[in-house]
Amino acid sequence: MKMRMNNIFVPTLRSTPGEAEIASHKLLLRAGFIRRSSAGVYTYLPLAYRVLEKIKNIVRDEMNKAGGQEVMLPIIQPAELWMETGRWHVYGDEMFRLKDRHGRDFCLGPTHEEIITDLVRGEVNSYRQLPILLYQIQNKYRDERRPRFGLMRGREFIMKDLYSFDVNEEALDVSYQKMYQAYTNIFTRCGLNFRPVEADSGAIGGNVTHEFMVLAESGEATIVYCDECNYAANVEIAPCKPSIKAEIKEDLREKVKVHTPDVKTINEVAEFLEVKPEKCIKTLFYKADEELIVVLIRGDRTINEIKVQKVHPCYNLELASEEEIKNITGALPGSVGPIGLKNIKIYADLEIEHIINGVCGANEDDYHYINVNATDYQVEGYYDLRLIEMDDKCPKCNGQLQSARGIEVGQVFKLGTKYSESLKAKFLDVNGKEKPIHMGCYGIGVSRTLAAAVEQHNDENGIIWPKAIAPYLVTVIPVNNKDSQQMEYAEKIYTELQAKGIEVILDDRNERAGVKFKDADLIGFPIRITVGKKAIEEGIVEYKLRKESTVEEISMAEAIKKVVEFSQS
RNA sequence: CGGAGUGUGGCUCAGUUUGGUAGAGCGCUGCGUUCGGGACGCAGAGGCCGUAGGUUCAAAUCCUAUCACUCCGACCA
């Protein structure tokens, strides 16, 4: 196999295509790893393919070690199965749907719980057959409302999913722990700086779940973690205690309606009435499926809609329209409040209960109430509904919280019996009693991991691949390929490295040195060996690591030795 | 799905306001010079200006529709 730049399809670009916004997307396009086919759908060119295979092999290795068995599952899946679990409708427009020539409904699998459970329910009848851990590494399809950031959020993407089937909850715990450990091993081996965090289980269901986050500024998720204990969570689920400032206790006063012309936002209200935003009651109207609900939160806080959905279960939660609000309250948003609202559920954040002599809209345009207290309106209850902030204390140990952005590359779920019950996947236990199988599912976004690695490991010159997933470990660059001695020398190093099983590429292109250096940096080979005049005159080559700026001038034998050492380190 | 924007050669973009022979840089082909951080000269190839209608003597340019793509938001195992 000739691993030479002349023979490999690596179309690097000098300028960044306008379609790209974030580092990984720009660099993967420029360095000749990917090309877009349509929105959120990409072609993987040879270099990307090699990286994907490396990631997959690390994943395979750890899955196999943990007792997983690899399978291939259908990508085209029948609607019937999805109807059995009810997700044919839950998934909504995000599912790619198609019909066959007979008009039967199918979808392109967005995930494989249904398919795998269907398989297992047909074959597993006895506790003797459990546990069983099956996994697949395949394309999955989700018609994202908004695909973006290149491979980060595609509509077609590569994913590893492992599904575990156990006899009971304790056994599921064992499988879950194995997977948690395997994930830690995988992302460590991939050379990524990551963090497992507590998370929301979303539409997939289940109660216990962790996300594995690659830390990067461009990450779409925000996490909080504590330096004093091991607490780490996605902000989506991080619980918040009410922060009640030790203020001077005010006497409760009678509410008063005041004229507040052209005052709409919390900040405007606070400024106009000369109170702090935290004294204001932000009143938000949501449409929960078909029902309108009200959520109250302190003026300086942000709503956490996931928490709202826990308190008021629904499939779809979105802010109500101005028209819907006007119908209920008689006022437009900006002048609405909880006082006097009827026939609508009002959920208040825990902190709302502690607002004394607060401010809220009067449900009359351009009027607000001041001196509002909890007795002035009726709520369903007080719940933790807000988004955690940096001034919050660690929910576990009260320590100082830190926050970071993360790219979700993996998630592990304890599903319990959600799918086994709806799909009737049962077995007979030792006592001959019929029980539902306890399931877990464990996903890794393989193509997203590739993008996350680039996102985390790059500089102004290009990608800096962690060695375990680099497309090639070494590039050998003869400075002047008109110089046949240099070429021969480079060829010799290349051949020797190859003989030692090192993945090396020879840049034998008829290009000027500068072009080859630029491309080497852009593509991000961990090691570069340069063969120049000194190689011929003194037997000295240059050895340079991509992640460092220093160049070592050493003999060819030493360079080869260093490469081998590096590859084994 | 709401808001904003962009579609002109392989890539980056100008030209559109004010209609009148389709441009530049990079890349590509050939020849020559050059050769340690994206060289230079000369000569070339390559575009029914996203698509479809319309207005006009004349449309990349004006009008209408439509498609694609990107960004912000909403949403998201």
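A polar contact is a pair of N or O atoms within 3.5 Å; within protein, one must be able to donate a hydrogen and the other to accept it, and residues adjacent in sequence count only if both atoms are side-chain atoms. This is a predicted model, so local features need pLDDT of at least 70 and side-chain atom pairs count only at pLDDT 80 or more, while totals for chains, interfaces and linings use all residues. Residues are numbered from 1 along each chain as its sequence is written, chains are lettered from A and ligands numbered from 1 in the order in which they are written, and side-chain values use heavy atoms, without hydrogens and water.

**Exercise 1.** Find what surrounds RNA strand B, and which side chains reach its base nitrogens.

*Solution.* Start with the neighbours: 43 residues surround the strand (a residue is near if one of its heavy atoms lies within 4 Å). Arg14, Arg142, Arg146, Met159 and Glu305 are the closest. Of the strand's atoms that come within 4 Å of the protein, sugar and phosphate make up 47%.

Next, look at the bases. Aspartate 521 has a polar side-chain atom 2.4 Å from a base nitrogen of RNA strand B. For aspartate 519, a side-chain N or O atom sits 3.0 Å from a base nitrogen, and for arginine 148 the distance is 3.2 Å.

Finally, ask which element gives the most to this surface. That's α13, with eight residues. (Helices, H or I, at least four residues, and strands, E, at least two, are DSSP runs, numbered from the N terminus.)

**Exercise 2.** Work out which side of helix α7 (residues 266-273) is buried and what it packs against.

*Solution.* First list the buried residues (under 20% relative accessible area; exposed is over 50%, partly exposed in between, with a 1.4 Å probe and protein chains only). They are Ile266, Val269 and Ala270. These cover an arc of only 95° around the axis, so they share the same side of α7; the arc is that of the directions from the helix axis to the C-beta atoms.

Now flip over: Asn267 and Glu271 are exposed on the other side. The buried residues pack against β14 (281-288), β18 (358-361) and β19 (367-372), where contact means heavy atoms within 4.5 Å.

**Exercise 3.** Explain why cysteine 280 and cysteine 360 don't form a disulfide.

*Solution.* Check the cut-off: a disulfide is a pair of cysteine sulfur atoms within 2.5 Å. The sulfur of cysteine 280 has its closest cysteine sulfur in cysteine 360, but at 9.3 Å that's too far for a bond. Searching the whole structure turns up zero disulfides.
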